[in-house]
Amino acid sequence: MKIDVLTLFPDMFAPLDHSIVGRARTIGQLEVNYINFRDYSTNKHQKVDDYPYGGGAGMLLTPQPIFDAYDAIEKTRPRVIITTPTGRPFTQRVAEEWAKEDHLIFLCGHYEGFDQRIHDELATDEVSIGDFVLTGGELAAMVMIDATVRLLPDVLGAQASHEDDSFSTGLLEYPHYTRPADFRGLKVPDVLLSGNHAKIETWRREQSLLRTHRRRPDLLEQAGLTETDKKFLESLRD
Ligand code: ADE
């Protein structure tokens with residue numbers, strides 16, 4: 001996968017040099033380029049923003065530097081993603097869709113945002129990471145890149161997998177335990193030490209249902225529950 005990021009702050013992306021995204025780059029599954037669109041400004045002071053027509057607070061990113069930076073990217077049919085609090089929510093489903101693509105381009109906004117013509121002409125996706133406002137799109141782009149890239153083949157390595165992740169199954173993930181079985185009197189649930197795989201599966205499913213019921217009941221409607229799941233949830237309500 002190739003990812004091009006149009007940003008005024010390329011240095012903010014240092015976290016993507018590390019850990020799993022860093023590994024994706026090392027093993028050749030990912031190429032990331034940062035393009036400072038200020039370099040494309042034809043203004044003699046390299047200005048990239050201006051006052052909004054109609055008045056109002058704040059400055060807007062002007063079309064010229066961003067359109068020119070976009071035109072300079074070699075591409076066939078990329079997804080062009082604007083990170084913005086006015087976008088649709090970013091979810092695991094979105095990450096799964098993007099992980100199938102060859103080329104993503106992220107446009108990171110600042111100030112009051114972009115001139116609307118940038119949205120209308122360049123964006124294929126406008127996406128938000130939550131109902132709050134960040135100072136710029138960079139942190140949101142990093143979150144989206146991280147969640148997408150870990151789904152690429154071989155990136156998590158043989159030890160890990162994403163099939164049981166929270167949200168992949170439509171439910172929150174069940175709790176995990178490792179050694180020791182007794183730490184300061186805090187015991188690992190017996191079932192996990194039983195070696196009975198059917199019982200362990202049932203316990204994990206029930207823990208997922210319990211956690212989702214308590215913390216994110218909104219997810220249960222879309223979760224594709226079995227009759228056994230529904231009975232278990234009924235027993236909780238009782
Ligand atoms: N830019 C500023 N706030 C944002 C948010 N919540 N999601 C995505 N991009 C943003």
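This is a short tour of a predicted model, from the ligand to a helix and then to one histidine.

Residues are numbered from 1 along each chain as its sequence is written. Local features need pLDDT of at least 70, side-chain atom pairs count only at pLDDT 80 or more, and totals for chains, interfaces and linings use all residues, while side-chain values use heavy atoms and leave out hydrogens and water.

**Stop one: the ligand**

Select the ligand and show the residues with a heavy atom within 4 Å of it. You should get Thr83, Thr84, Pro85, Val127, Ser128, Ile129, Gly130, Phe132, Val133, Leu134, Gly136 and Ala140. Color this shell by class: seven residues are nonpolar, five polar and none charged. Here Ala, Val, Leu, Ile, Met, Phe, Trp, Tyr, Cys and Pro count as nonpolar, Asp, Glu, Lys and Arg as charged, and the others, Gly among them, as polar.

Now turn on strands S5 (79-89) and S7 (125-128), which each supply at least two shell residues. S5 gives the most, with three. Strands (E, at least two residues) and helices (H or I, at least four) are DSSP runs numbered from the N terminus.

Next, look for polar contacts (N or O atoms within 3.5 Å; within protein, one must be able to donate a hydrogen and the other to accept it, and residues adjacent in sequence count only if both atoms are side-chain atoms). Ligand nitrogen meets the backbone in these places:

- Threonine 84: a polar backbone atom at 3.1 Å.
- Glycine 130: a polar backbone atom at 3.2 Å.
- Leucine 134: a backbone N or O atom at 3.0 Å.

The protein covers 96% of the 260 Å² of accessible area that the ligand has on its own (Shrake-Rupley method, 1.4 Å probe; for residues, only the protein chains shown count as cover).

**Stop two: helix H7**

Select residues 197-215, which form H7. Go to the start of the helix: a side-chain oxygen of asparagine 196 comes within 3.3 Å of the backbone nitrogen of alanine 198. Then pick the buried residues of H7 (under 20% relative accessible area, 1.4 Å probe, protein chains only). These are Ile200, Trp203, Ser208, Leu209, Leu210 and Thr212. Their cover includes helices H6 (190-193) and H8 (227-237).

**Stop three: histidine 110**

Move to the loop between strand S6 (103-108) and helix H4 (116-122), where histidine 110 sits. Why does histidine 110 count as buried? Its relative accessibility is 12%. Show its contacts (heavy atoms within 4.5 Å). Beyond four places away in sequence, histidine 110 touches Phe9, Leu61, Thr135, Gly136 and Glu138. Finish on threonine 135, whose backbone oxygen lies 3.4 Å from a polar side-chain atom of histidine 110.

Notes
The expected span of a helix is 1.5 Å times one less than its number of residues. Buried means under 20% relative accessible area, exposed over 50%, partly exposed in between (1.4 Å probe, protein chains only).
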